[in-house]
Amino acid sequence: MLSQYEFFKNEDNVLVRIAVTGAIGRMGKMLIEAVNASNDAELSAAVILSDSTLIGADAGETAGIGKNGIRLVGDLSEVIDCFDVLIDFTTPAATLANVDVCEKYGKGIVIGTTGFTAEEEKALSAKGADLPMIRAANFSTGVNVCLNLLKKAAEVLGSDYDVEVYEAHHRHKVDAPSGTALAMGQSVADGLGRDLRQVAVYGREGQTGVRAPDAIGFATVRGGDVVGDHTVMFLGEGERIEITHKASNRMAFATGAVRAAVWLGGKAAGKYDMRHVLDLS
Ligand code: NAD
């Protein structure tokens, strides 16, 4: 049976029409540039906060790529007929609201927002049964390859090695540890058969006692313009293995998110991630 999303197919050079929310944010501007560079997608709507003085401005111009004729609007519903897939890198509250709109109107959604509280996570998990959705804490190809390597390394190294996750980001980041650090911790926990919620240790101070053997530790650094550094250490007797990813430009995330949005074309309702997009087992 044909899914209601079959019309997203771009095999006949039909471009996937993309809307970007948070269009004047750091990632929003990158996403507009990445859609512009894609042969498979076109920007068809751009949404910002409704009280912004930039409502009505040209989205290409605010993204720094020159005029593209797409006017910034303050409400996703206003442009609901203009797009097939929404790419959303905003805030947890905005993303939750946008999932509802996309589900109501049968649109696909690519979610890059991080920093969901446990309650917001629960709310998000309960949504999205009726729309194609891709969510990733990090859309870069390199990080997704690292997630695979980490699971494999944890499976082989086993419990003889202590695991610690380090991450650094720019001074504007509002959540910690990063969604990517948590995803890396989750990959290790999956490889070791541990429940991350039970074994995660977020920062250490004072009389901490000796390290719990099953702990997966997280350390966070914030400052300057660091785009995103992640290192997972497997610390054993006489050796240490480190798997590191360093992002030097947000474009890696934006390109991956656009690739995910194009991939979402033709997919049935369901929750997907970058392993599906990149065909990583
Ligand atoms: P930012 O603060 O620069 O941009 C967010 C934008 O969203 C702002 O312009 C804000 O005004 C806008 N916004 C908030 N609520 C809105 C609403 N209701 N409607 C429209 N616009 C709204 O932040 P950023 O650095 O671009 O990051 C955004 C999110 O993406 C963060 O959660 C960040 O952690 C995440 N992120 C994810 C990845 C990934 O690969 N998954 C990569 C980088 C950043």
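A residue is taken to be near the ligand if one of its heavy atoms lies within 4 Å of it. On this basis, in the predicted model described here, 19 residues are found around the ligand, and of these R26, M27, T114, A137 and F139 come nearest.

Three of the residues named above place an N or O atom at a short listed distance from an oxygen atom of the ligand, and they do so through backbone or side chain as follows. For M27, a backbone N or O atom lies 2.8 Å from a ligand oxygen atom, and for F139 the corresponding distance, again from a backbone N or O atom to an oxygen atom of the ligand, is 2.9 Å. In the case of T114, by contrast, the N or O atom belongs to the side chain, and its distance from an oxygen atom of the ligand is 2.7 Å.

T114 also appears in the surroundings of K173, a residue situated in the loop that runs between β7 (162–169) and α6 (179–192). When neighbours within four places in sequence are left aside, K173 is in contact with T114, S178 and R222. Within its own loop region, the side chain of K173 additionally makes a polar contact with the side chain of D175, at 3.1 Å.

Helix α6, which follows this loop, packs against helix α5 (residues 141–157) at an angle of about 30°, the two axes being 7 Å apart. Since angles under 35 degrees count as roughly parallel, α5 is therefore classed as roughly parallel to α6. The crossing of α5 with α6 is right-handed. On the side of α5 the contact is made by V143, C146, L147, L150, K151, A154 and E155, and on the side of α6 by T180, A183, M184, S187, V188, D190, G191 and L192. Sorted by class, the residues of this contact comprise nine nonpolar, three polar and three charged.

A further helix pair is formed by α3 (residues 92–105) and α4 (residues 118–126), which pack at an angle of about 15° with their axes 10 Å apart. These two helices are therefore likewise roughly parallel to each other, whereas the crossing of α3 and α4 is left-handed. The contact involves P92, A93, L96 and V99 of α3 together with E120, A123 and L124 of α4. Of the residues in the contact of α3 with α4, six are nonpolar and one is charged, while none is polar.

How values were computed:
Residues numbered from 1 in each chain as written. Predicted model: local features only at pLDDT ≥ 70, side-chain atom pairs only at ≥ 80, totals over all residues. Heavy atoms only, no water. Helix = DSSP H or I, 4+ residues; strand = E, 2+ residues; numbered from the N terminus. Polar contact = N/O pair within 3.5 Å; in protein donor to acceptor, adjacent residues only side chain to side chain. Contact = heavy atoms within 4.5 Å. Axes fitted to C-alpha atoms, helices over the stretch in contact; angles between N-to-C directions. Parallel < 35°, antiparallel > 145°, perpendicular 65-115°, else oblique. Left-handed = near helix turned anticlockwise from the far one by under 90°. Nonpolar A, V, L, I, M, F, W, Y, C, P; charged D, E, K, R; others polar.
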